[in-house]
Structures are given as structure tokens and as C-alpha cells.
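Open the structure in your viewer and keep the selection tool ready. Each stop below tells you what to select and what is there.

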Amino acid sequence: APALTDALGTLTPEQTLGLVQLFNTARNQKDILVYAHDAKTQQQLRALAWDGAVPLLQKNEDYLQVIHSNIGGGKTDAFMQQKIIQRIDIQDDGYVKKQLTIVRAHTGAPNASATNRDYLRVYVPEGSTLITASGFSQPPEAIFHAPETWYDEHPLVHAAEATATFDERTGVKIYNEFGKTVFGNWVLTAPGETSTIQIDYLLPGRLFEPAMFNRGVIKKRPS
């Protein structure tokens with residue numbers, strides 16, 4: 001910290017502007033998160049979305065957060081390139097079906113990089129219903145160990161685990177956390193390969209009531 005403080009005092013105007021731009025980029029990408037013990041300061045940080053909190057949703061508000069946890073996959077995240085595609089289908093009954101496609105490419109050299117072992121979690125509005133999912137792969141059980149008998153599970157983890165269910169068709173784990181429904185499963189991507197994950201789900205609320213067509217409120221069916 002002292003070295004940083006000394007360097008800040010000698011910056012030129014051009015360097016200062018560059019630093020501000022760099023900080024803003026890091027903030028937008030969530031590379032920097034800030035927490036303050038002072039309640040008023042923390043409230044301002046949350047309003048700026050600098051605190052990393054998962055936001056609460058209004059009724060029928062959409063939400064998507066894709067989280068990757070590299071577990072036993074070495075330092076391979078630096079080699080991963082990702083593309084996220086959403087297809088939104090507004091159906092005649094007023095419900096919205098979403099198709100989420102996540103493409104992860106491992107650019108590491110096969111002989112110099114490990115397999116990226118990623119536990120993928122997708123946070124969507126609470127009450128969303130899984131339709132189908134594909135592209136997941138299970139890691140070998142031998143790389144994991146059962147927890148010791150003295151292991152103390154955190155209450156937040158216990159709350160999520162206690163309500164979790166598994167979709168028998170796809171192996172996707174489904175639970176609620178932070179006022180969201182979560183779909184979770186493993187994605188293993190070897191060096192030089194690409195994994196394509198697709199999750200189809202139905203949002204919980206209608207955009208409109210079908211009877212509105214009969215009353216002429218909606219003149220044209222949405223595409």
C-alpha cells in the first residue's frame with residue numbers, strides 16, 4: 001500500500017486518466033469488489049453495484065448470472081474462451097422459454113495444460129423450470145474425497161443443499177439461493193477442445209394473458 005500511494009502521487013495527467021479507465025474496466029468486469037463496515041458507505045457501494053451483491057428482483061424481472069468454479073483443474077482458466085448466447089421464445093400462452101448456450105474453448109496446449117474442471121452454476125429467476133440440458137460431463141470420483149467427520153458445514157451451504165434436487169434425465173442439480181433458482185453441473189474441457197452446454201428453461205411468470213388477444217389489447221402476436 002505505501003508503494004502504491006507513493007506511485008499515485010507522481011502520476012502525470014495522462015497516467016491518471018489511464019488509471020481511472022483501468023479501474024472502471026475492472027469494476028465493470030467485477031475484478032474489483034469493495035466492502036465497507038460503515039452502513040451508509042456500503043449502501044452507496046451497493047447502489048453502484050461495486051459490492052458484488054446478488055440483486056433482489058422485482059416481480060417478473062429477468063435475471064441471468066453464469067458462475068464458473070475451477071475445482072482441481074489447475075490454473076487453466078487463463079486458457080478458457082467463452083461465448084454465451086440466449087434465445088428467447090415468447091410463447092402464445094404468455095410464458096417465456098429461454099435457451100441458454102454456453103460455449104467454452106480450451107486454448108491451452110495438450111501437452112502443457114490440464115483439463116479445465118469447471119462446476120458451472122446458472123442463476124435464473126426463482127421458480128424457473130428446467131426443460132432440458134446437455135453438454136455436461138462428470139469428473140472421475142477418484143479425484144475427490146468424502147469430508148471428514150469433524151467437518152462443519154456453513155449454514156448458507158446447508159440451506160442450499162437441504163432443498164436441492166437432481167434432474168434424473170440430465171444430472172443437473174437444482175436448488176434455490178439468494179432468491180434465485182440455480183442449475184448446476186460439471187463441465188470438463190480438455191486442452192484443444194470445446195464444450196457446448198445448452199440449458200432450456202421456462203421463466204415463472206407470464207408476459208401477458210392469452211385472453212388479451214381476444215379483447216384486442218395486443219394486436220400482433222410477439223415473435
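The tour goes from stop to stop through a predicted model.

**Stop 1: Asn116**

Select Asn116. This residue belongs to strand β4, which covers residues 116-125. Is Asn116 buried or exposed? Asn116 is buried, because its relative accessibility is 0%.

Now show the side chains of Asp77 and Arg104. The side chain of Asn116 has a polar contact of 3.0 Å with that of Asp77. A polar contact of 3.2 Å links the side chains of Asn116 and Arg104.

Which other residues does Asn116 touch? Leaving out residues up to four places away in sequence, its contacts include Asn70, Gly73, Thr76, Met80 and His106. Val187, Leu188 and Thr189 are also among them.

**Stop 2: the aromatic rings**

How many aromatic pairs does the structure hold? There are four. Select Phe144 and Trp186 to see one of the pairs. Their ring centres are 5.4 Å apart. The planes meet at 45 degrees, and the pair is tilted.

Look at where the two rings come from. Phe144 sits in the loop between β5 (129-134) and α4 (155-162), and Trp186 sits in strand β8 (residues 180-189), so the pair ties together parts that are 42 residues apart in sequence. Phe144 is partly exposed, with a relative accessible area of 34%. Trp186 is buried, at 14%.

Add Tyr119 to the selection. Tyr119, Phe144 and Trp186 make up one aromatic cluster.

**Stop 3: the largest pocket**

Keep Tyr119 and Trp186 selected. Both are among the lining residues that lie nearest the centre of the largest pocket. Add Ile71, Glu161 and Lys173, which are also in that group. The pocket has a volume of about 560 Å³, and 21 residues line it.

Which elements each supply at least two residues of the lining? They are β4, α4, β7 (173-177) and β8. Helix α4 gives the largest share, with four residues.

**Stop 4: Asn185**

Go to Asn185, in strand β8. This residue is buried, with a relative accessible area of 2%. Show Gln138 as well. The side chains of Asn185 and Gln138 make a polar contact of 2.8 Å.

Asn185 has further contacts, not counting residues up to four places away in sequence. Among them are Asp118, Tyr119 and Leu120. Phe136, Thr170, Gly171 and Val172 are on the list too.

Draw a distance line from Asn185 to Asn60. The C-alpha atoms are 26 Å apart, and the two residues are separated by 125 residues along the chain.

**Stop 5: Lys180 and Phe178**

Select Lys180 together with Tyr63. Lys180 lies over the face of Tyr63, 4.9 Å from the ring centre.

Then move to Phe178, in the loop between β7 and β8. Most residues other than glycine have a negative phi. Phe178 is not a glycine, yet its phi is positive, at about 55 degrees. Its relative accessible area is 47%, so Phe178 counts as partly exposed.

**Stop 6: Lys30**

Here is another backbone to check. Lys30 is in the loop between α2 (13-28) and α3 (39-47). Its phi is positive, about 65 degrees, although Lys30 is not a glycine. Lys30 is partly exposed, with a relative accessible area of 43%.

**Stop 7: the loop between α3 and β1**

Find Ala49, in the loop between α3 and β1 (65-70). Ala49 is partly exposed, at a relative accessible area of 35%. Draw a line to Asn28. The C-alpha atoms of Ala49 and Asn28 are 8.8 Å apart, while 21 residues separate the two along the chain.

Finish with Asp51, in the loop between α3 and β1. Is Asp51 buried or exposed? Asp51 is buried, with a relative accessible area of 15%. The cut-off for buried is under 20%.

What does the side chain of Asp51 reach? One polar contact, of 3.4 Å, runs to the side chain of Gln42. A polar atom of the Asp51 side chain also lies 3.2 Å from the backbone nitrogen of Ala53. Beyond its neighbours within four places in sequence, Asp51 is in contact with Leu33, Val34, Gln42, Leu45 and Arg46.

Technical notes: Residues numbered from 1 in each chain as written. Predicted model: local features only at pLDDT ≥ 70, side-chain atom pairs only at ≥ 80, totals over all residues. Heavy atoms only, no water. Buried < 20%, exposed > 50% of the residue type's maximum accessible area, 1.4 Å probe, protein only. Polar contact = N/O pair within 3.5 Å; in protein donor to acceptor, adjacent residues only side chain to side chain. Contact = heavy atoms within 4.5 Å. Phe/Tyr/Trp six-rings, centres within 6.5 Å; stacked < 30°, edge-to-face > 60°. Lys NZ or Arg CZ within 6 Å of the ring centre and 35° of its normal. 1 Å grid on protein atoms, 1.4 Å probe; cavity = no way out; pocket = protein on both sides within 12 Å on 5 of 7 lines; lining within 4 Å. Points joined across faces, edges and corners; volume = space filled by probe spheres on them.
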